[in-house]
Protein chains: 2
Amino acid sequence: MLEDAPSHRASHPEGRVGRRRTRTRQQLASAARTLIATRGISGLTIGDVTEAADIGHGSFYTYFDSKEALVDAVLKDSLQTLAALAITIVPEHEDPAVRAYVADRRFIGTVSQDHELARLLVHAHEGDHVFRAATLPYARAVLTPGLESGRFNVPDVDVTLLIGVGSLSAVIRAIVDGDAPPGADRAHAQSMLRLFGIADAEVDAISQLPFDT
Amino acid sequence: MLEDAPSHRASHPEGRVGRRRTRTRQQLASAARTLIATRGISGLTIGDVTEAADIGHGSFYTYFDSKEALVDAVLKDSLQTLAALAITIVPEHEDPAVRAYVADRRFIGTVSQDHELARLLVHAHEGDHVFRAATLPYARAVLTPGLESGRFNVPDVDVTLLIGVGSLSAVIRAIVDGDAPPGADRAHAQSMLRLFGIADAEVDAISQLPFDT
């Protein structure tokens with residue numbers, strides 16, 4: 001399935017060996033992130049990454065299948081961090097529609113303004129696919145409360161999630177490439193509320209609330 | 001800009017040299033398509049392609065920057081052909097909403113059932129990006145009549161188009177990977193009508209019309 005659990009550790013066993021393995025993986029990903037920020041992806045070598053992480057060159061493949069898999073992991077971790085932030089720092093508002101609107105705009109804003117991450121998104125081998133897999137659990141966390149309370153209604157939850165993450169990826173990439181109109185974040189968030197079944201008058205009202213105070 | 005003109009030839013000069021150039025490019029793309037169908041992408045070499053197209057090996061780079069650019073061109077041409085088909089063979093119905101609904105379902109159906117094209121989509125270096133660039137002009141052709149007649153209304157036309165093509169790419173990829181729920185094409189087309197401002201009762205009515213007769 002496309003979806004991963006929001007926890008980064010869910011796929012690792014809980015024991016000491018599992019924790020050490022997770023830690024080493026994270027050291028490699030963190031070293032790679034720093035190297036990519038300074039030199040770009042094309043100049044990244046596995047030797048540089050293992051050296052910066054102080055890990056034996058030969059053991060790299062215990063953690064990642066290839067340089068591309070490492071880059072994917074860096075991209076995924078970064079996106080998950082920003083998605084978690086976007087859905088947790090929304091102002092305490094009870095309406096799931098307001099929370100969804102704010103989370104969507106914040107996420108588009110932070111990802112598209114993060115030049116390092118934007119570069120990763122463009123240059124990763126399967127940037128869009130990694131993007132969708134990384135963000136889908138967070139999109140679900142935004143959608144579910146509104147569905148459970150009856151505030152949202154959609155033809156199919158899984159397809160709505162695919163539309164949400166697929167369109168986010170397209171809009172962010174267009175912003176990064178300079179191909180999106182001004183206010184694309186706002187128009188995307190408004191469109192998502194319409195997609196979730198919120199009436200236009202309410203969408204207008206929500207998009208006029210002050211959020212950044 | 002992300003968008004290309006629907007005509008495949010728009011970027012080539014109109015003269016005799018331009019036409020010959022376009023023809024040679026198409027020969028290379030056509031040869032590549034056949035080779036990919038039989039051997040897959042990873043086994044594809046530039047030498048095989050130029051030999052199959054009966055074109056000097058050395059002149060390949062006059063037409064394409066790399067093997068990846070050739071694969072992108074094959075993917076793009078195939079998607080444009082199917083998109084053109086999807087928007088032209090819809091039954092003669094005056095309602096732009098009906099036409100959009102049918103074109104969307106047909107396109108999802110034909111692309112996801114075309115195993116060769118699906119493989120290209122998954123393995124091309126920037127499959128999702130190529131998909132969006134190839135399909136955007138056709139999505140615009142579907143959206144525009146409804147906007148002009150007042151049948152559709154959207155917060156922002158360009159963002160709506162990005163949502164349309166970005167979500168199409170995500171849904172088709174999920175179908176190809178076996179990750180989409182049954183009826184994903186229907187749910188996507190229903191969601192797009194809602195996004196275009198069509199009331200739910202009408203969306204339901206449209207999705208119950210018989211189209212395949």
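Let me start with the aromatic pairs, of which this predicted model holds eight over all chains. One of them is formed by Phe107(B) and Phe131(B), whose rings sit 6.0 Å apart, centre to centre, with 55° between the planes, so that the pair counts as tilted, the range for edge-to-face beginning over 60 degrees. Phe107(B) belongs to helix α5 of chain B, residues 96-113, and Phe131(B) to helix α7, residues 127-148, so the pair ties together parts of the chain that are 24 residues apart in sequence. Both rings come from buried residues, Phe107(B) having a relative accessible area of 4% and Phe131(B) one of 0%.

A further tilted pair in chain B is made by Phe152(B) and Phe196(B), with 5.0 Å between the ring centres and the planes at 45°. Here the partners lie in loops, Phe152(B) in the one between α7 and α8 and Phe196(B) in the one between α9 and α10, so this pair ties together parts that are 44 residues apart in sequence. These two residues are again buried, with relative accessible areas of 3% for Phe152(B) and 9% for Phe196(B). In chain A, I would also point you to a cluster in which ring pairs link Phe60(A), Tyr61(A) and Phe64(A).

Phe196 leads on to the nonpolar core. In soluble globular proteins, nonpolar side chains tend to be buried together. The largest nonpolar core of this model has 58 residues, and the members that touch the most others are Leu193(A), Phe196(A), Leu193(B) and Phe196(B). What does Phe196(A) touch, if we leave aside residues up to four places away in sequence? Within chain A, its contacts are Ala100(A), Leu143(A), Phe152(A), Asn153(A), Val154(A) and Thr160(A), and from chain B there is Arg194(B).

That brings me to the relation between the two chains. Two copies of a chain are related by a rotation about an axis and a shift along it. In this case a rotation of 180°, with 0.0 Å of shift along its axis, superposes chain B on chain A with an RMSD of 0.0 Å. The two copies are thus related as by a two-fold rotation axis. The same surface serves both copies, in that 100% of the contact residues of chain B recur in chain A.

How many residues does the contact take from each chain? There are 39 from chain B and 39 from chain A. The area buried between the chains is about 3,000 Å², and carbon and sulfur atoms give 60% of that area.

Let me now turn to charge. Side chains of opposite charge can pair when their charged atoms come close. Over all chains the count comes to 18 salt bridges, and between chain B and chain A the count is four.

One salt bridge joins Glu126(A) to Arg173(B), with the closest N and O atoms 2.8 Å apart. This pair crosses between chains, running from the loop between α6 and α7 of chain A, where Glu126(A) lies, to helix α8 of chain B, which holds Arg173(B). Is Arg173(B) buried or exposed? With a relative accessible area of 8%, Arg173(B) is buried, because that value falls under 20%. Another salt bridge has Arg132(B) and Asp128(A) as its partners, the closest N and O atoms being 2.9 Å apart.

Within chain A, Arg173(A) forms a salt bridge with Asp177(A), the closest N and O atoms again being listed at 2.8 Å. The partners are not equally accessible: Arg173(A) is buried, at 7%, whereas Asp177(A) is partly exposed, with a relative accessible area of 32%. In chain B, Asp48(B) and Arg39(B) form a salt bridge whose closest N and O atoms are 2.8 Å apart, and Asp48(B) is partly exposed, with a relative accessible area of 24%. Chain A also has a network of salt bridges in which Asp95(A), Arg151(A) and Glu202(A) are linked.

I will finish with a residue on the outside. Pro182(A) is found in the loop between α8 and α9 of chain A, and Pro182(A) is exposed, with a relative accessible area of 78%. If we go back to Phe60(A), one of the residues of the aromatic cluster, Pro182(A) and Phe60(A) are 122 residues apart in sequence and 43 Å apart in space, taken C-alpha to C-alpha.

Definitions and conventions:
Residues numbered from 1 in each chain as written. Chains lettered and ligands numbered in written order. Predicted model: local features only at pLDDT ≥ 70, side-chain atom pairs only at ≥ 80, totals over all residues. Heavy atoms only, no water. Phe/Tyr/Trp six-rings, centres within 6.5 Å; stacked < 30°, edge-to-face > 60°. Helix = DSSP H or I, 4+ residues; strand = E, 2+ residues; numbered from the N terminus. Buried < 20%, exposed > 50% of the residue type's maximum accessible area, 1.4 Å probe, protein only. Least-squares fit on C-alpha atoms with pLDDT ≥ 70 in both. Contact = heavy atoms within 4.5 Å. Core = buried A, V, L, I, M, F, W, Y, C linked by side-chain atoms within 4.5 Å. Buried area = accessible area lost by both parts, 1.4 Å probe. Salt bridge = Lys/Arg side-chain N within 4 Å of Asp/Glu carboxyl O.
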